[in-house]
Amino acid sequence: MADRVKAAEPVSPAGLLSGLTDKLQELESAVLRQAERFSAVLEIATLLSSVRDVDALLRTVMDRLSSLLQAEAATLFMLDAEKQELWSRVLRGGGQLDEIRLPLGTGIAGHVMATGQSLLLGDAYTDSHFHPNIDRMSGFVTKSMIAVPLRHVSGRILGVVEVLNRKTNVFSGEDLALVEAVATQIAAVLDNVLLYAELRAQNEALRQAKSDLSNALKDLDLLFETEKAVSSAEKQSDLMDVLLSRVAPTLGATAAAIFLVDPGESQGALYFKSVVGENAESLVTVKLKPAQGIVGHVACTGETVRVARAADHPAHDPSIPARLDVRADAVLSVPITVDEGVVGALALLNKPSGFTESDERLATLIAGQAGRSIKVRRNREEAEQRERLAAIGQMLSGVVHDFRTPLTVISGYTELMATEPDEQQRLQYAAVVDKQFEHLNAMMRETLAFARGERELLIRKVYLQKFASETEAYLRQEFKKSPVRLSVVPRYTGPARFDEGKLRRVVFNLARNAVEAMPTGGHFLFSIDREADDLVLRFEDDGPGLPPEIADRVFDPFTTAGRPEGTGLGLSIVKQIADEHGGTVRVESEPGKGTRFEFKIPVGLAA
Ligand SMILES: Nc1ncnc2c1ncn2[C@@H]1O[C@H](COP(=O)(O)OP(=O)(O)OP(=O)(O)O)[C@@H](O)[C@H]1O
Ligand SMILES: [Mg+2]
């Protein structure tokens, strides 16, 4: 009864008040705690949004999380897709291990990763997924734990956050909610980080591809350049110089040389065909004995040699660099072959970082071009020989014609001599006959010298009337397809002595340049004059004039501008022909007005 009365007794106002106060305090501290946690989560979120050093940041976040939850340890696991493992990207507290690696699907973390479900365990050891091995290795004893997947908004799971052992009590549902909130933040950041890393890797791959491509382009460019040189070089030594001067810098060699087997010497001694770089001038006179040194070995066996130090190769002969006073560190030497026979070697020296396999490939291509140029040269020499014979055949009628004049004179005078009683007169006739013989001899010598290839020119007496009309006929043909108007004005029509074929070439080269310079039309005038003892050919056009950047060196070989197909040899050949005839060629040009070439050689009629 007393109990009942007691129970039914209304609570005193004081008691009620104190109960309410307690409740209020409890609520207040709960609110405070929540507010504190809320601001901590906010702080973590702010931290995470300012990504710089991701790992340092993740460490800070995990520390903050541990201290907030009064946990002894915290781990952030991430997926190592390549190894199919979870690894501890951040490992705070929890014993002796530097890193934990779990095969996918094992342990609590693996389980959470696989299911995407959070776990809250009062005692980890009671859960079948728990992996006590790690405790054993680390010396840590796991008790209560929270494991939460790092799930990105897309649903992808990037890893797992684990928080271990609350210092007082066990983890609560509230703690779990907090870890989940933080995990969402971490997931968002990590996703960005991963994306960034992926982008960076892709970017790197693109950059690599670009640099590979630009290297390949450079190689192609070089090949194109050298190819152009091969197909156009008039003289082989020019070509080899061009090849070397381009190859050496491209491959980073400080010195380079092309050696050819000396055809004049038996057993294949080598001579320097072209040299660039260190000590170049003094080398050109040096010869190597057959199979001497690395280069000799290459030229003898046809094998390529690529070594970081010359001394590493058994064929290295230290006396060669010593004698030549050059260094021999890195060496790359490839054979030069013509029709499967080795005719020499290309040698590149002293690339500071050593020669690579791709250098070797490029050098092999270049050596191939050198080989082909030698072949082209040989073919050309044979063709020239044939051409020369054909020219002699063609000229023979002309030569016979030329011979006829002195022969008629001789026969006439000998007839006179036979009946001339006056000795003095007879002597005079004899002198005339003698002179004609000399003349005949000179013509014969000239024809024979040309036939033997001792003379570049086949000088003959040519009538300019005939030269002009024949050349004009050819030119008309050439100008048919062009809008350029042609005039040929032979003011001098008499004889002169020159190589007719070569002078025709002069006219064609200059006419073609004018046609090419005036694609939309214009006027080209070719005139022939005799001025004192000179034969003067003039070529005038009203085109755009010479491009100023090359105007002062148009007669140099390989000077070309504004012509994708141009080799830049046309005018250098004109100059060479002028030189061979003991003459000159000059050019005047005004931008927008036109260009005027004057080609002048001695008429050569004195003899
Ligand atoms: N009549 C001209 N008018 C304007 N520019 C000219 C004229 N003739 C020559 N040139 C310039 O001089 C350059 C050199 O001429 P050249 O004949 O030596 O070589 P190319 O014509 O370029 O090549 P190739 O004749 O070997 O095919 C030309 O590229 C061109 O720019
Ligand atoms: Mg030309």
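Which residue takes a positive phi in the hairpin of S1 and S2? In this hairpin, which has 4 residues between the strands, Gln-84 adopts a positive phi near 55 degrees. Helices (H or I, at least four residues) and strands (E, at least two) are DSSP runs, numbered from the N terminus. The structure is a predicted model, in which local features need pLDDT of at least 70 and side-chain atom pairs count only at pLDDT 80 or more, whereas totals for chains, interfaces and linings use all residues. Residues are numbered from 1 along each chain as its sequence is written, chains are lettered from A and ligands numbered from 1 in the order in which they are written, and side-chain values use heavy atoms, with hydrogens and water left out.

Strand S1 (residues 71-80) and strand S2 (residues 85-92) pair in the antiparallel sense over 7 bridges, two strands being paired if DSSP finds at least two bridges between them. Phe-77 is placed opposite Ser-88 in S2. Strand S2 also pairs with strand S3 (residues 101-103), again antiparallel, through 3 bridges, and Leu-102 in S3 is the bridge partner of Leu-86. Strand S1 is further joined by 7 bridges to the antiparallel strand S6 (residues 157-166), where Val-163 is the bridge partner of Ala-74.

These pairings belong to an open sheet of 6 strands with antiparallel pairing and the order S3-S2-S1-S6-S5-S4. Because S3 and strand S4 (119-121) stand at the edges with a single partner strand each, one side of each is left without a neighbour in the sheet. From one strand to the next, the twist averages 20 degrees; axes are lines fitted to C-alpha atoms, for helices over the stretch in contact, and angles run from 0 to 180 degrees between N-to-C directions. Helix H3 (residues 54-69) lies across S1, S2 and S6 and runs at about 70 degrees to S2, contact meaning heavy atoms within 4.5 Å. Helix H4 (residues 107-115) lies across S1, S2, S3, S4, strand S5 (145-151) and S6, at about 140 degrees to S6.

A second open sheet is formed by 5 strands in the order S14-S16-S17-S19-S18, with mixed pairing. Strand S14 (484-490) and strand S18 (584-590) stand at its edges, each with a single partner strand, so one side of each has no neighbour in the sheet. The twist here averages 10 degrees from one strand to the next. Strand S16 (residues 522-531) and strand S17 (residues 534-541) run antiparallel and are joined by 8 bridges, with Asp-529 opposite Val-536 in S17. Helix H13 (residues 464-479) packs on this sheet and touches S14, S16 and S17, its direction making about 175 degrees with that of S14. Helix H15 lies across S18 and strand S19 (594-602), running at about 25 degrees to S19.

Ligand 1 is surrounded by 21 residues, of which Asn-513, Asp-541, Thr-560, Arg-563 and Thr-567 come nearest; a residue is near a molecule if one of its heavy atoms lies within 4 Å of it. Polar contacts are pairs of N or O atoms within 3.5 Å; within protein, one must be able to donate a hydrogen and the other to accept it, and residues adjacent in sequence count only if both atoms are side-chain atoms. Side-chain N or O atoms lie 2.8 Å from an oxygen atom of ligand 1 in the case of Asn-513 and 2.6 Å in the case of Thr-560. Ala-561 contributes a backbone N or O atom 2.9 Å from an oxygen atom of ligand 1. Taken alone, ligand 1 exposes 600 Å², and the protein buries 91% of that area, as computed by the Shrake-Rupley method with a 1.4 Å probe. Helix H14 (500-517) and helix H15 (570-580) are the elements that give two or more residues to the shell around ligand 1, and H14 gives the most, with 4 residues.
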